[in-house]
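Here is a short tour of one protein model, with its pockets and its charged side chains as the main stops. Keep the structure open beside the text as you read.

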Amino acid sequence: MRESRIPRKLGLARALSKLGYCSRARASEIVRAGRVSLNGKIIRDPKIPVPEKHGNIAVDGKRIEPQPRVYLMMNKPRGVVTTASDEKGRETVYGVLTRRENSTIKARLENGAWVAPVGRLDKASEGLLLLTNDSGWAALVTAPETHLDKTYHVQIGTVADDKFVQALVRGVKTADGELLQAKGARLLRAGQKNCWLEIILDEGKNRQIRRMMEGLRVEVLRLIRVAIGPLPLGDLAKGQFRTLTLNEKRMIDRAIRVKPA
């Protein structure tokens, strides 16, 4: 039996995550619970290093082999939370993944496959969300130093003029004193009392667009992520998901090569 290929000096929980078994947080939980063995010995320290050539990991006595990589894109509906479970009983993205009938992905998930969201969209936000069991790839997609653009269409409760749009790029000071900037912004269309903006971020901080609008005392009516790097949401229907094509995955891989700031 071939041995799992684990990079040198990787902690046990992280190694289990990289094998595609579960998230690192979940891996830490099951290690502490005494469910994980390394080379036949129960280990309770999630950070213990895994030997490069002898990292035989088992959970509940069953050896864990590297799982096939899964790369999904979803059109996350508004009102769905980006977590594995919710204490308030709200629907999660995992509920979206498993509610579609006759789905190959649904069957794989129900048989123990695991994927995690790549970054987050808050409950009130919607649009393009990536999910994968490739934690290393997910880290690159979300890393600030890769400067991977995320494009949003944002409806706000005012009609923005040039000065407003320019302020988003120059920077907006939030209530806690942080200066937040958009990489790009432009007016898409306007009505009498509201308008749609396109806003591009290359270093997504927590609730960045909403905090910028709060700093400008403007209400966000809708917030939709329409692209991640070169990958557009396209015509994927709300609440639907699909596997990335090989070309789409390659496009993102090329885009996340580390670039100078």
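Which helices and strands each supply at least two residues of the lining of the largest pocket? In this predicted model, they are helix H1 (12-18), helix H2 (24-32), strand S8 (116-117) and helix H5 (135-142).

## The largest pocket

Let us start with the space itself. The largest pocket holds about 770 Å³, and 30 residues line it. To find its centre on your screen, look for Ser 23, Arg 24, Trp 114, Ala 116 and Pro 117, the lining residues closest to that point.

Helix H5 gives the most to this lining, with 5 residues. Sorted by class, the lining of the largest pocket comes to 13 nonpolar, 10 polar and 7 charged residues.

## The second largest pocket

The next stop is the second largest pocket, with about 570 Å³ of space. Its lining counts 27 residues, and nearest its centre are Arg 120, Leu 121, Lys 205, Arg 207 and Arg 225. Two or more lining residues come from each of H5, strand S10 (150-156), helix H7 (208-215) and strand S15 (220-228). You have met H5 already, as a contributor to the largest pocket.

What classes of residue make up the lining of the second largest pocket? The lining has 9 nonpolar, 8 polar and 10 charged residues.

## Enclosed space

Beyond the pockets, the model holds 2 cavities of 30 Å³ or more. About 40 Å³ of space lies in the largest cavity.

Val 141, Thr 142, Ala 143 and Pro 144 line this cavity together with Lys 150, Asp 202, Glu 203 and Gly 204. By class, these lining residues are 3 nonpolar, 2 polar and 3 charged.

## Salt bridges within short reach

Now for the charged side chains. Side chains of opposite charge can pair when their charged atoms come close. How many salt bridges does the structure hold? There are 14 salt bridges.

One of them joins the side chains of Arg 26 and Glu 29, at 2.9 Å from N to O. These two residues are 3 apart in helix H2, so about one helical turn separates them. Arg 26 is partly exposed, at 40% relative accessibility, and Glu 29 is also partly exposed, at 45%. Another salt bridge brings together the side chains of Glu 65 and Arg 63, at 3.2 Å from N to O. Glu 65 has a relative accessible area of 24%, which means partly exposed, and Arg 63 is partly exposed with a relative accessible area of 24%.

## A bridge across the chain, and a network

The side chains of Glu 178 and Arg 211 also form a salt bridge, here at 2.7 Å from N to O. This pair ties together distant parts of the chain: Glu 178 sits in the loop between strand S11 (172-173) and strand S12 (179-180), while Arg 211 belongs to helix H7, 33 residues apart.

Is each partner buried or partly exposed? Glu 178 is partly exposed, with a relative accessible area of 26%, whereas Arg 211 counts as buried at 15% relative accessibility. The pair is part of a wider arrangement, in which salt bridges with shared partners connect Asp 176, Glu 178, Lys 205 and Arg 211 into one network. Lys 205 is also one of the residues nearest the centre of the second largest pocket.

## A buried arginine without a salt bridge

Arg 225, another of the residues nearest the centre of the second largest pocket, is found in strand S15. Which side chain of opposite charge is nearest to Arg 225? That is Asp 122, 9.9 Å away, and Arg 225 is buried yet has no salt bridge. A salt bridge requires the charged atoms to be within 4 Å, so Asp 122 at 9.9 Å does not qualify. The side chain of Arg 225 does make a polar contact of 3.3 Å with the side chain of Tyr 152.

A last pair to look up is Thr 151 and Ala 227. Thr 151 lies in strand S10 and is buried, with a relative accessible area of 12%. Although Thr 151 and Ala 227 are 76 residues apart along the chain, 5.0 Å separates their C-alpha atoms.

How values were computed. Residues numbered from 1 in each chain as written. Predicted model: local features only at pLDDT ≥ 70, side-chain atom pairs only at ≥ 80, totals over all residues. Heavy atoms only, no water. 1 Å grid on protein atoms, 1.4 Å probe; cavity = no way out; pocket = protein on both sides within 12 Å on 5 of 7 lines; lining within 4 Å. Points joined across faces, edges and corners; volume = space filled by probe spheres on them. Helix = DSSP H or I, 4+ residues; strand = E, 2+ residues; numbered from the N terminus. Nonpolar A, V, L, I, M, F, W, Y, C, P; charged D, E, K, R; others polar. Buried < 20%, exposed > 50% of the residue type's maximum accessible area, 1.4 Å probe, protein only. Lys, Arg positive; Asp, Glu negative; His and termini not counted. Polar contact = N/O pair within 3.5 Å; in protein donor to acceptor, adjacent residues only side chain to side chain.
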